[in-house]
Amino acid sequence: MHTIRKFFLKRQPVFITIIAVALAFIVVGFILAATGRNPFNAVYYFVRGAFGNVVNTSDTISRVIPLTIAGIAFLIGAQCAVFNVGIEGQLLLGAMASAVVGYIVKLPFYIHLPLMLLAGALAGGLYGLVPAWLKTKRGVNEILSTIMLNYPATYFTHFLVLKVIPIVGVVPATPFIEDTARLPILIEGTQLHAGVFVMILVVIFAYFLLYKTSLGYEMRAVGYNKTAARFHGIPVEKRMNFAFFLSGAMAGLAGAVEVAGVHYRFLDQFSPGYGYDSITVALVGLLNPFGVIISATLFGALKTGILEMSVYSGIPRQLTTLINGIVVLCVAAKDILGGWYARIFRGKDTYEAEKEISQ
Amino acid sequence: MNWSDTLQSIFTVTLLASTIRVSISILLAGMGEMITERSGVLNIGVEGTMLMGALAAALGSYFTGSPWLGLLAAGLVGMLVGLLFSFIAISLRSNQSITGLAIYLLCVGLSGYLLQIIFEHGGNSPMVNTLPSLHMTFLENVPVLDPIFNDQPIIAIPVLLIPVFLQIVFYKTPWGSWLRAAGENPKALAVVGKNPVKIRYVATLCGSFLAGIGGAYLSISQTSLFSENMVAGRGFIALSAVIFGGVRPGGVFLACIFFGFMDALQKTLQTVIPDTMMPRELFMALPYLLTLLALAGFIKKSGGPADIGNPYLKESR
Amino acid sequence: MAYILELKDICKHFGNVLANDHVNLQVEKGTVHSIVGENGAGKTTLMNILYGLYKQTSGEILIDGTKVSIESPSDAIRLGIGMIHQHFKLISAMTVAENVMLGEEPIKGKLFLDLKKINDSTLELSDKYGLAVKPKSMVADISVGIRQRVEILKALYRNANILILDEPTALLTPQESEDLFRIIERLRKDGKTILFISHKLKEIIQISDNITVLRDGKVVDTVKKSKTNEVQLARLMIGRDVFLKPAPKSKKIGEIILKVDNLSAVNEYHHPVLTDISFDVRSGEVLGVAGVDGNGQTELVKALIGLQPVSKGKIKLRDNEITHLSVKKMRSAGIGVIPEDRLQEGLVEDFSVEENLFLGLQRIPPFSNGKIINWNAVHENADSLVKTFDIRTPNITHKARLLSGGNQQKIIVAREIFHAPDTIIAAQPTRGLDIAATDFVHEQLIKQRDSGKAVLLFSLSLDEIMLLSTRIAVIYKGTIVAIVNKDDVTPEDLGLMMLGGSYEHIPA
């Protein structure tokens with residue numbers, strides 16, 4: 001009994017999160033049922049859509065890529081006390097910058113591809129510096145500023161494909177990027193592309209930065225306690241600005257990878273809300289780089305699954321955002337679950353005593 | 001082009017009238033959020049609450065035929081959303097910012113989802129009955145006042161009076177004292193036998209009620225239908241106005257009117273300046289940029305409640 | 001004689017921990033009854049039960065001989081119990097009168113606050129007990145001593161007959177304490193009953209009628225003032241004979257290490273917070289900085305570590321000028337700091353013990369090569385410091401948040417001392433620690449002094465200043481008003497200087 005308790009206690013945050021997410025999906029099931037849709041039917045189409053065959057599965061994986069990179073973007077900010085809700089806008093600008101670099105020049109692929117990805121990251125990063133300035137110099141709440149900065153980014157890219165860059169085809173978009181700027185497809189006939197390696201690199205980079213370097217240690221110190229960080233010689237504003245930049249750059253990179261691996265151009269409204277999903281992905285991933293891959297897989301499956309679901313069972317695609325909201329809500333409320341959890345696995349008395357001491 | 005003519009065609013009394021029209025929803029949400037923040041609760045989900053209010057109003061008006069019942073429905077649905085927020089942010093003491101964000105996402109998703117489920121076709125609801133406008137005969141021959149205030153939506157005038165009402169409540173009544181105390185130092189309130197949790201709940205519910213009404217104004221007064229994401233950032237602009245206005249009725253009122261004026265100006269400019277000179281898409285980005293600019297020019301930290309954003313933990317069990 | 005308050009067999013469990021163990025207490029009407037004991041003896045728990053903040057696990061409370069049930073502060077207020085908390089529960093953004101009336105405001109016209117009556121009643125009440133409080137002042141603008149009187153007014157306004165004062169002199173100067181005692185005396189004469197919680201034996205002997213000693217949650221004894229003395233009380237309290245003894249004298253005072261010259265600074269509103277501060281600290285001595293809270297101590301500490309911009313003057317460490325350097329550079333020049341707010345400034349609570357043990361040192365060997373962290377060195381360092389400084393933690397990856405205050409403070413002391421700066425700035429290093437932990441911190445500071453370092457001690461406790469200092473600097477309104485040898489002053493002298501030498505007692 002003791003070892004079992006210990007096992008569950010040590011992994012408390014993981015299990016709590018799983019419980020919270022499960023709870024969220026039960027709530028979603030009830031909403032479906034209450035609005036006259038069969039939740040079990042929905043699950044069937046969902047699973048079929050996400051993993052039904054090779055094509056669907058690889059499509060799911062191809063959605064895990066932007067979700068993971070964007071999730072890392074949110075995570076890097078959040079670990080340094082920066083709540084970057086502007087990932088959607090940074091991702092759009094990054095995608096646009098990389099698309100422009102992709103079609104405007106033709107270079108050897110080993111220069112062109114890195115260059116276009118870099119352009120995306122740089123665009124996103126620079127846009128991330130706007131809320132950074134607002135926060136560290138002017139004290140503007142970054143949740144508010146980043147969320148509002150999504151609007152200008154959307155309108156601006158919309159304006160570019162509509163009125164500045166020549167329109168090709170029926171949908172507003174930039175011209176196609178050169179072959180040399182594309183990430184190769186890994187499995188013929190699917191959307192699974194080499195961006196998966198970029199994703200893995202990004203995850204390892206984030207882990208290495210946060211847990212193995214002095215810079216990352218300082219960022220985490222700022223994230224937990226700015227005052228203490230300041231008292232111990234860590235330049236808090238500088239680190240936060242860097243986190244804003246890096247977070248924006250990762251968001252821009254996510255957009256660039258989508259352009260280079262999936263659409264081969266900037267397509268107006270191509271992002272199905274990856275930027276907003278990234279928040280959920282990062283929070284469910286417990287702000288841990290490897291956790292983000294796992295949670296991105298869940299939400300990637302959700303993205304592809306819901307497409308099929310909306311076609312066959314008449315469930316609107318808006319369900320994705322709804323699920324996001326409910327999941328974040330449940331994850332936000334997980335502390336109370338933590339209380340119950342600790343009571344179960346630690347014994348009520350010990351729990352009460354510890355709570356008393358911690359006050 | 002003759003510049004003085006252009007300027008004259010921009011700055012007219014019509015611009016002021018339209019300022020009032022576009023300010024109403026921001027004003028309602030801003031006043032509501034101000035009440036909430038005074039009690040020490042930061043609700044970032046106002047945008048979502050407004051969306052749900054807008055949908056509820058359209059549905060209420062559509063199914064009953066009465067826009068007034070729609071308005072009521074919007075307020076009640078707003079309170080329901082507020083209740084959910086309060087439960088998680090106040091009772092469970094979760095992080096208020098993240099909870100607010102979740103509420104926003106949830107409401108965006110839920111309003112879109114319900115719209116599809118109920119009307120089963122793209123982005124809009126059918127047309128619904130709207131609230132009447134208010135014609136005041138005694139103003140008919142008064143210059144300036146007549147074009148500005150006459151024939152405004154019926155809820156406009158009462159809404160313009162809310163700041164005065166709140167100023168009195170905040171600073172001249174015991175409830176105002178308790179509300180402010182809950183936001184400044186809830187423990188001080190608890191030791192004199194008042195329950196800060198209850199006060200924060202009431203304040204959040206009042207705030208959400210007003211936000212719901214603010215949403216309703218968009219769907220059953222300013223337009224006559226609900227469309228997906230129709231609040232379009234007004235909730236966030238209202239949040240900015242609360243900060244900009246120093247969480248005080250007068251200040252927040254002026255900030256809301258200022259942002260409303262910017263929006264009205266932007267709309268007027270769109271009609272006056274040709275698209276080739278300044279494209280429509282860039283105009284549409286203006287209100288958000290101006291709001292951020294206003295916040296950036298604002299000297300940080302002035303007079304907000306001391307305990308905002310912190311969950312209140314009772315000392316007893 | 002009838003008892004106004006009687007506690008019978010009060011027990012309070014927190015899980016397995018027994019905070020109050022069959023506590024029996026009888027309080028006579030119109031007396032000052034002190035409850036003494038060490039931190040953790042159960043005093044505060046007991047008072048919180050009495051005030052309805054906790055519910056006792058078992059036992060009875062009797063008021064005027066009638067059994068009562070106290071579920072919340074409202075019940076306590078209704079039964080005539082008022083509490084003056086150690087940490088005041090006041091709203092800085094409101095006036096004194098608004099604070100006094102909060103929750104029970106006089107109303108006119110059924111809806112509106114009667115502001116005139118609010119101010120008048122407060123003034124009336126204040127005059128009646130000689131509290132000399134101005135109703136219309138903002139709480140943010142008044143001193144600690146006056147704030148405490150506002151708390152007393154709050155209780156009186158609610159018709160409290162039993163007043164609980166929880167460590168009321170912890171933040172007061174000797175003069176302010178004297179005033180408080182005079183107020184208590186007046187209240188007692190008026191028939192009020194005072195429950196006085198403290199661990200300062202001298203003042204307890206001075207003002208109490210009866211004294212109850214708690215230890216480990218149990219009542220050890222209740223004695224009459226006339227039949228006891230400090231030595232006996234201390235023995236009862238601690239269970240053995242211990243006293244915080246003055247530190248042995250400095251052995252060898254050497255050269256000047258830290259020198260501050262005409263240092264001035266302003267706050268963000270351009271008001272001066274430090275004016276022409278000059279002092280030096282030599283190798284092998286402790287310079288104690290005495291002062292009432294809020295007279296510039298916080299700013300001075302911050303200026304010395306580079307967090308408070310300096311408008312004028314110089315800071316020199318040995319022969320290097322370090323004024324205007326960044327925090328990082330000042331600290332690597334040789335300044336170590338034990339910050340006054342342990343949880344906010346000293347630690348990152350969500351970091352593990354080992355991560356906290358190299359906070360601020362993350363870019364220097366052996367912990368890193370400036371970029372990449374050497375986790376092996378971090379583990380080794382943590383293992384050895386945990387052993388040397390006796391930090392009680394299950395393991396070095398345990399979160400600092402989960403440790404007791406004393407052990408958290410040991411982490412800070414260990415980190416700052418071990419990494420051997422020339423100067424150690426200790427700001428309120430023992431605030432909230434129990435006697436054993438306090439003793440440990442004192443011992444460590446004296447050890448550093450004797451190893452030839454310069455120690456600058458900021459403390460609000462005059463006792464601590466007197467115990468440890470070689471010399472004492474008195475800070476008042478952002479300036480050093482005197483620097484004296486410890487042996488040349490009495491606490492009373494210091495107290496007077498801490499108030500600018502022009503303090504007026506309220507008349508007895």
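How much area do chain C and chain B bury between them? In this predicted model, the figure comes to about 2000 Å², with 63% of it on carbon and sulfur atoms. The contact draws on 25 residues of chain C and 23 residues of chain B. A single salt bridge turns up across this interface: B:Arg180 pairs with C:Glu98 through their side chains, at 3.8 Å from N to O. Polar contacts link 5 residue pairs here, both partners at pLDDT 80 or more. On the chain C side, α2 (73-78) and β8 (112-113) are the elements giving two or more residues, and α2(C) has the largest share with 3 residues. Sorted by class, the side of chain C that touches chain B holds 16 nonpolar, 4 polar and 5 charged residues.

Now for chain B and chain A. Here 51 residues of chain B meet 50 residues of chain A, and the two chains bury about 4300 Å² between them, 74% of it on carbon and sulfur atoms. The salt bridge count is 3. One of them joins B:Glu281 to A:Lys163, whose closest N and O atoms sit 3.0 Å apart. Polar contacts add up to 6 residue pairs, again with both residues at pLDDT 80 or more.

As for what chain B brings to chain A, at least two residues each come from α4 (67-91), α5 (96-119), α11 (234-244) and α13 (280-297). The top contributor is α5(B), which supplies 17 residues. By class, this side of chain B breaks down into 33 nonpolar, 10 polar and 8 charged residues.

Note on methods
Residues are numbered from 1 along each chain as its sequence is written. Chains are lettered from A and ligands numbered from 1 in the order in which they are written. This is a predicted model: local features need pLDDT of at least 70, side-chain atom pairs count only at pLDDT 80 or more; totals for chains, interfaces and linings use all residues. Side-chain values use heavy atoms; hydrogens and water are left out. Contact means heavy atoms within 4.5 Å. Buried area is the accessible area (1.4 Å probe) that two parts lose on being put together, summed over both. A salt bridge is a side-chain nitrogen of Lys or Arg within 4 Å of a carboxyl oxygen of Asp or Glu. A polar contact is a pair of N or O atoms within 3.5 Å; within protein, one must be able to donate a hydrogen and the other to accept it, and residues adjacent in sequence count only if both atoms are side-chain atoms. Helices (H or I, at least four residues) and strands (E, at least two) are DSSP runs, numbered from the N terminus. Ala, Val, Leu, Ile, Met, Phe, Trp, Tyr, Cys and Pro count as nonpolar, Asp, Glu, Lys and Arg as charged, and the others, Gly among them, as polar.
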